[in-house]
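This report concerns the nonpolar cores and the backbone geometry of the structure shown below.

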Amino acid sequence: MIPRHVTATDRDPPGGAWFLPSHNREDRAADTVQACMAAGQTTPGVLIEDGWKYDFSLQQPWERLWLQRRHELAGALSQAWVRHRGLSWYGIISDGVRPVTQGWDRLLVSACDNRNFVSCNDQWRQDRRMAGIVVVPGWILEAMGDWFPPGMVHRWTDNVW
């Protein structure tokens, strides 16, 4: 697979959501949300508090999903997806990522275009695996029935797809 570059369209992106799963890393999650907003995020985001409640406030377009018990990465994403089924696209943001490109969210959703997996690798992964921020068309998750195979916890989730 050879990476390709795209430009954003002027049309509003179809309905979707960015999922930011986090467990016991409040400062990192807060820094990620702040960076997303500073880089012009306009599309919805869901902070998934995986078994751990955070105290910082969120502003639109972000909302909070608190999971009372810990589900780990794959389980937390699956729980969020079940609660947000039927969207046109879904994105994953690691709580270690800090977007800096203005309009990053619209660029990635435009590249997804309801048919492509998109990742903003930014060349830090030389093996070309998906990393950092990933966007998946909603119909693919519906067809698969979940983000990851049942029982998957965290390690190697970026290799599944």
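## Nonpolar cores and backbone geometry

The largest nonpolar core (buried Ala, Val, Leu, Ile, Met, Phe, Trp, Tyr and Cys residues joined through side-chain atoms within 4.5 Å) contains 22 residues, and those with the most contacts inside it are Trp18, Ile93, Trp104, Leu108 and Ile133. At least two residues of this core come from each of strand S1 (16-22), helix H1 (26-38), strand S4 (89-93), helix H3 (104-112) and strand S6 (133-137). H3 supplies the largest share, five residues. Helices (H or I, at least four residues) and strands (E, at least two) are DSSP runs, numbered from the N terminus. Another core, of 20 residues, lies apart from it and includes Ala17, Phe19, Leu65 and Ile140.

The model is predicted; local features need pLDDT of at least 70 and side-chain atom pairs count only at pLDDT 80 or more, while totals for chains, interfaces and linings use all residues. Residues are numbered from 1 along each chain as its sequence is written, and side-chain values use heavy atoms, with hydrogens and water left out.

Glutamine 60 and proline 61 are joined by a cis peptide bond with omega of about 10°; proline 61 belongs to the loop between strand S2 (45-50) and strand S3 (62-67).

Two residues other than glycine with positive phi are tabulated next. Buried means under 20% relative accessible area, exposed over 50%, and partly exposed in between (1.4 Å probe, protein chains only).

| Residue | Phi | Location | Relative accessible area |
|---|---|---|---|
| Glutamate 72 | near 65° | helix H2 (residues 72-83) | 25%, partly exposed |
| Aspartate 113 | about 50° | loop between H3 and strand S5 (118-119) | 28%, partly exposed |
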